[in-house]
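Open your viewer and get ready to select residues by number. This tour moves from stop to stop and tells you what is there.

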Amino acid sequence: MIEEILARASQAQRLSRRDALVLLAIDVKSQEFYALLATANARSREAFCNRGYIFAQIGINAAPCSGNCTFCSLARDTFAAAGTYEKSPEEVLAQVRSMDCGAIDALFLMTTADYPQDKFLELGRQVRDVLPQRTNLVANIGDFGPAYAEELKKAGFAAVYHIVRLGEGKDTALAPTRRIATLDAIRGAGLELYYCVEPIGPEHTQEQLVDEMLRARDYDVDVMAVMARTPVPGTPFAGTGKMTQLEMTKIAAVTRLVTDPKRSMNIHEPQGMALLAGVNQLYAELGANPRDVELSTESGRGFSVEAVRRMLLDAHYEL
């Protein structure tokens with residue numbers, strides 16, 4: 001059965017929920033695991049023309065967030081970051097100018113859910129003015145409606161990173177229906193949607209993972225990703241189990257084949273093993289990071305543009 005599913009996937013045929021569950025059940029120590037990786041790798045190399053992508057993200061502020069995600073260092077009730085701050089527009093623009101923007105395919109501006117929407121639009125306009133035209137500007141912010149989606153587009157944003165998280169409404173203070181309404185607003189405005197199955201922990205079932213893969217496919221995503229949960233010190237998930245690189249590589253391969261994103265497939269945080277499984281895009285990060293207690297993740301967990309560039313080149317992707 002696995003051989004037949006992979007044969008269909010290699011021909012870009014749409015996989016079913018049952019197909020996805022069969023692939024997720026593959027033993028990472030088996031021969032079938034390597035067949036899965038080879039199929040996902042070949043699909044990405046062909047569909048994406050062997051192109052690798054570098055995305056970068058700047059965390060604009062660190063403050064207790066009403067989203068109250070129990071896995072996040074910035075949650076209101078269990079704020080675990082080293083302090084609070086908000087970057088000024090001048091500081092953000094200085095960081096943008098200091099980057100090798102010619103190497104970056106997309107720049108994300110990330111805020112907590114409570115960051116003022118008007119202020120974010122103005123910041124976006126200023127950043128757009130200094131970015132190369134080829135670099136997409138992407139919003140990673142709280143929920144919003146159709147009118148604000150249109151304002152984001154007018155301000156120069158090409159895309160939005162937005163998801164229904166695993167455990168949404170249970171591990172967060174946000175209703176899944178509210179998250180879905182924002183997804184609809186993004187699609188309605190003609191903005192690109194960047195999606196992710198996250199934050200994946202050992203307790204999440206294969207059915208839960210497939211739910212989000214299929215949701216992403218239903219929204220015809222441009223960019224897809226998977227991300228393991230980080231047991232951040234000071235949060236309720238500190239000291240809990242973490243997914244292994246082998247398991248995350250398998251999940252990345254299955255997600256790539258099931259969702260069939262239009263541009264790229266990512267795993268976060270960057271890991272070399274998954275570059276054999278259809279992953280062709282990695283993130284560099286600066287500023288606040290929900291998986292880090294450091295206020296400047298570039299000195300903590302965050303990868304630099306040069307580090308991810310080297311990883312993609314080592315995997316023989318063309319930049």
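The stops below cover aromatic rings, charges over rings, and nonpolar cores.

**Stop 1: a tilted pair**

Keep in mind that this is a predicted model. It holds 10 aromatic pairs. Select Phe 55 and Phe 108 to see one of them. Their ring centres are 5.7 Å apart. The planes meet at 40°, so this pair counts as tilted; stacked would need planes under 30 degrees apart, and edge-to-face over 60.

Now show the strands. Phe 55 belongs to strand E1 (residues 53-59), and Phe 108 to strand E4 (residues 106-110). The pair therefore ties together parts that lie 53 residues apart in sequence.

Are these two rings buried or exposed? Phe 55 is buried, because its relative accessible area of 1% falls under the 20% limit. Phe 108 is buried too, at 0%.

**Stop 2: a stacked pair**

Keep Phe 55 selected and add Tyr 194. This aromatic pair is stacked, with 10° between the planes. The distance is 5.7 Å from centre to centre. Tyr 194 sits in strand E7 (residues 192-200), while Phe 55 is in strand E1. That puts the partners 139 residues apart, so the pair links distant parts of the chain. Tyr 194 is buried, with a relative accessible area of 1%.

Next, widen the selection. Add Phe 108, Tyr 161 and Tyr 283. Ring pairs join these residues with Phe 55 and Tyr 194 into a cluster.

**Stop 3: charges over rings**

Select Arg 45 and Tyr 317. The charged end of Arg 45 sits over the Tyr 317 ring, 3.8 Å from the ring centre. Then go to Lys 119 and Tyr 115. Here the charged end of Lys 119 sits over the ring of Tyr 115, 5.7 Å from its centre.

**Stop 4: nonpolar cores**

Which residues touch the most other members of the largest nonpolar core? Pick Leu 109, Val 127 and Leu 152, out of 101 residues. Helix H9 (residues 245-259) gives the most to this core: seven residues.

Zoom in on Leu 152. Beyond its neighbours within four places in sequence, Leu 152 has contacts that include Phe 120, Ile 141, Phe 157 and Leu 191.

Finish at another core, which lies apart from the largest one. This core has seven residues, among them Cys 69, Phe 71, Cys 72 and Leu 74.

Conventions: Residues numbered from 1 in each chain as written. Predicted model: local features only at pLDDT ≥ 70, side-chain atom pairs only at ≥ 80, totals over all residues. Heavy atoms only, no water. Phe/Tyr/Trp six-rings, centres within 6.5 Å; stacked < 30°, edge-to-face > 60°. Helix = DSSP H or I, 4+ residues; strand = E, 2+ residues; numbered from the N terminus. Buried < 20%, exposed > 50% of the residue type's maximum accessible area, 1.4 Å probe, protein only. Lys NZ or Arg CZ within 6 Å of the ring centre and 35° of its normal. Core = buried A, V, L, I, M, F, W, Y, C linked by side-chain atoms within 4.5 Å. Contact = heavy atoms within 4.5 Å.
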